[in-house]
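Open the model in your viewer and keep the selection box at hand. The tour goes stop by stop: what to select, then what is there.

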Amino acid sequence: MLYLYDDAVARRWQPFALTRPIGELLLGAYTFRDRAERFFGERCTGHVSAPHLLGFDESDAAPVVDLASIDTSRPRIFLSSRAVLDSSAVVPAVRTPAVLRVGDDTVGFVLPAGTANPGLSELDPGAAGDGMPEVRLAGRVLRHVWDLVAANAEQIARDFDDATGVHTAEPAGDLPFQTIAWQPGRLRLGRGVTIEPNVVLDFTRGPIWFADDVTVRAFSRVAGPAYVGRGSTLLGGPYDAVSIGPVCKVHGELEESVVLGYSNKAHDGFLGHAYLGRWVNLGALTTNSDLKNNYGTIRMWTPHGDVDTGLIKLGCLLGDHVKTGIGALINTGTVIGAGSNLYGTDMPPKYVPPFSWGTGAELTAFDIDRFIGVAQTAMGRRKLELSGRMREILREAWRIGRGAM
C-alpha cells in the first residue's frame with residue numbers, strides 16, 4: 001500500500017495546504033500522487049495530512065486517512081509529498097524496514113507486513129530513520145511553496161520524456177490545415193484532441209502535450225514546454241511554459257504558470273509565474289505583476305513571516321475557490337487565501353487571509369454559508385457535487401483560517 005504524507009514543511013505550503021493534501025497539487029504533467037503511483041506501480045491508498053482534512057474525498061483524488069488507522073498487516077510505502085522522484089530510479093525491492101533518501105533528505109519508509117507505522121515525528125524533516133538500512137533514490141525535494149512555480153517548466157519536459165502510452169504526433173501529418181508548427185519538435189496528443197486552424201505551436205524551448213479531449217481554439221499560440229490536461233480549452237492567446245490541469249477554460253496571456261484544475265480564466269488579462277488552485281474564477285482583465293520595477297528579488301508571505309524567495313519573477317498564489325471581479329490587479333508575490341472573493345480595482349494586500357471578502361485592503365470575512373452556496377453552484381455547473389464531508393472540511397478550514405487573524 002502506498003501513502004503520501006505531508007510533513008511539517010508541506011503543511012505550511014499556504015494557501016493550498018488549508019484545503020487539500022499537498023500530494024494533490026500539480027507539478028509538470030502530474031500531481032505528486034500521480035507521479036508516485038507511476039514510480040511505484042501501484043495506486044495511492046491515501047494521504048497522511050492535517051487532521052482537519054480527514055475524509056478529503058475529491059472525485060479524482062486519494063482520500064486523507066488517519067495514520068493510526070493504517071493497516072500494519074500489509075506491506076506499506078510512505079513517501080513525502082514534497083519528493084519528486086526520477087523515473088529512471090530503481091524501485092526498491094526491500095524485505096526489511098528501510099528508510100528512503102534523496103540526497104541528504106529522508107523522503108519516506110518501506111515497511112514490510114507486521115512492522116509498525118512510523119510516528120508523526122518520524123515523518124517530519126530531519127527524521128533519521130535510526131537503525132534502518134537506507135535506500136537511496138534519484139530525484140529532488142521541493143523546499144518552498146513557490147518551487148511549484150519555479151520548477152514547473154523543467155518538470156513538464158521531464159514528464160514528457162518519461163510518458164508512455166501517449167500518441168506522439170508528427171506535426172506535418174496530425175495538425176489541421178493552417179495550423180503552424182514553428183520549428184517542429186515534439187507533440188503528444190491524447191484522444192479526442194481538437195485543434196482549430198490558425199493555431200501556432202512553438203517547440204523551440206520544449207515539448208507540448210495535449211491530454212484527452214483538449215480543445216485549442218483559433219488564434220492560440222502555445223510555446224513549450226507546455227501541458228494541458230483532460231477536457232481543458234484554450235480560448236485564444238499566448239501560452240508560454242504552462243501546466244493546466246483538467247477541465248479548465250483559459251484565455252489571454254499565461255506565462256510560466258500552473259492552473260490546478262476546474263478553474264476559469266476565460267477573458268483577457270495577464271497571469272505570470274502564478275499558481276492557481278481548484279475552482280478559481282478570474283474576472284475579465286484580472287492581471288498580476290510578476291516582476292518588480294527595480295528588478296529585485298521578491299518577498300512572499302509565509303505562515304512564519306515574509307521570506308525573500310530569491311526569485312526575480314514570481315506572481316501570485318491563489319488558493320482553492322478564489323474568485324476575482326473584473327479588472328482585478330494583483331501585486332508581485334501575493335498570496336490569496338482559499339475561498340476569498342475579491343472585487344474592485346484597488347490592489348489587495350500581498351497577503352489576503354482565507355475566506356476574505358472585499359476590495360483592496362477593505363476585507364471582511366466571507367460568510368461561510370454564502371461561500372458554501374457559491375462553491376456548490378460553481379461545482380454544479382461542471383456537473384459535480386460538493387460532498388457533505390467536503391463541506392465540513394471547508395467549514396473547518398474557515399474556522400482555522402479566520403481564527404488565525
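**Stop 1: the aromatic cluster**

Select Y343, F355, W357, F366 and F371, which form one aromatic cluster. Bear in mind that this is a predicted model. Across the structure there are 12 aromatic pairs. For one of them, zoom in on Y343 and W357: their ring centres lie 5.8 Å apart and their planes meet at 70 degrees, so this pair is edge-to-face.

Now colour by secondary structure. Y343 sits in the loop between β37 (341-342) and β38 (351-352), while W357 belongs to strand β39 (residues 356-359). The pair therefore ties together parts that are 14 residues apart in sequence.

Buried or exposed: how does each ring residue of this pair score? Y343 has a relative accessible area of 36%, so it is partly exposed. W357 is at 24% relative accessibility and also counts as partly exposed, because the buried class is reserved for values under 20%.

**Stop 2: arginines over rings**

Stay on W357 and add R370. R370 lies over the face of W357, 4.9 Å from the ring centre. Then jump to F160 and R188. Here R188 lies over the face of F160, at 4.5 Å from the ring centre.

**Stop 3: T19 and its surroundings**

Select T19, in the loop between β1 (2-5) and β2 (26-27). Its relative accessibility is 4%, so T19 counts as buried. Which side chain makes a polar contact with that of T19? Show D320: the two side chains are joined by a polar contact of 2.8 Å.

Next, display the neighbours. Leaving aside residues up to four places away in sequence, T19 touches L53, F56, D320, A338, L394 and A397.

**Stop 4: strand β7**

Select residues 98-102, strand β7. How many of the 5 residues are buried? The count is 5 of the 5, so β7 is largely enclosed by the rest of the structure.

Turn on side chains. In a regular strand, side chains alternate between the two faces of the sheet. In β7, A98, L100 and V102 point one way. V99 and R101 point the other way. Both sets are buried.

**Stop 5: the partners of β7**

Add β8 (residues 105-111). β7 and β8 pair in the antiparallel sense over 5 bridges. Pick V102 and D105: D105 in β8 is the bridge partner of V102. The hairpin of β7 and β8 has 2 residues between the strands, and G103 there takes a positive phi near 60 degrees.

Then add β9 (residues 134-136). This pairing with β7 is parallel and runs over 3 bridges. For a bridge to inspect, pick R101, whose partner in β9 is R136.

**Stop 6: the parallel sheet**

Strands of a sheet pair through backbone hydrogen bonds, so show the backbone for this last stop. Select β12, β15, β18, β21, β24 and β27. These 6 strands form an open sheet, in the order β12-β15-β18-β21-β24-β27, with parallel pairing. Where does the sheet end on each side? Its edge strands are β12 (180-182) and β27 (270-272), each pairing on one side only. From one strand to the next, the twist averages 10 degrees.

Finish at the β27 edge. Strand β24 (residues 253-255) runs parallel to β27 and is joined to it by 3 bridges. Label L254 and L271: L254 stands opposite L271 in β27.

Key: Residues numbered from 1 in each chain as written. Predicted model: local features only at pLDDT ≥ 70, side-chain atom pairs only at ≥ 80, totals over all residues. Heavy atoms only, no water. Pairing = 2+ DSSP bridges. Helix = DSSP H or I, 4+ residues; strand = E, 2+ residues; numbered from the N terminus. Axes fitted to C-alpha atoms, helices over the stretch in contact; angles between N-to-C directions. Buried < 20%, exposed > 50% of the residue type's maximum accessible area, 1.4 Å probe, protein only. Polar contact = N/O pair within 3.5 Å; in protein donor to acceptor, adjacent residues only side chain to side chain. Contact = heavy atoms within 4.5 Å. Phe/Tyr/Trp six-rings, centres within 6.5 Å; stacked < 30°, edge-to-face > 60°. Lys NZ or Arg CZ within 6 Å of the ring centre and 35° of its normal.
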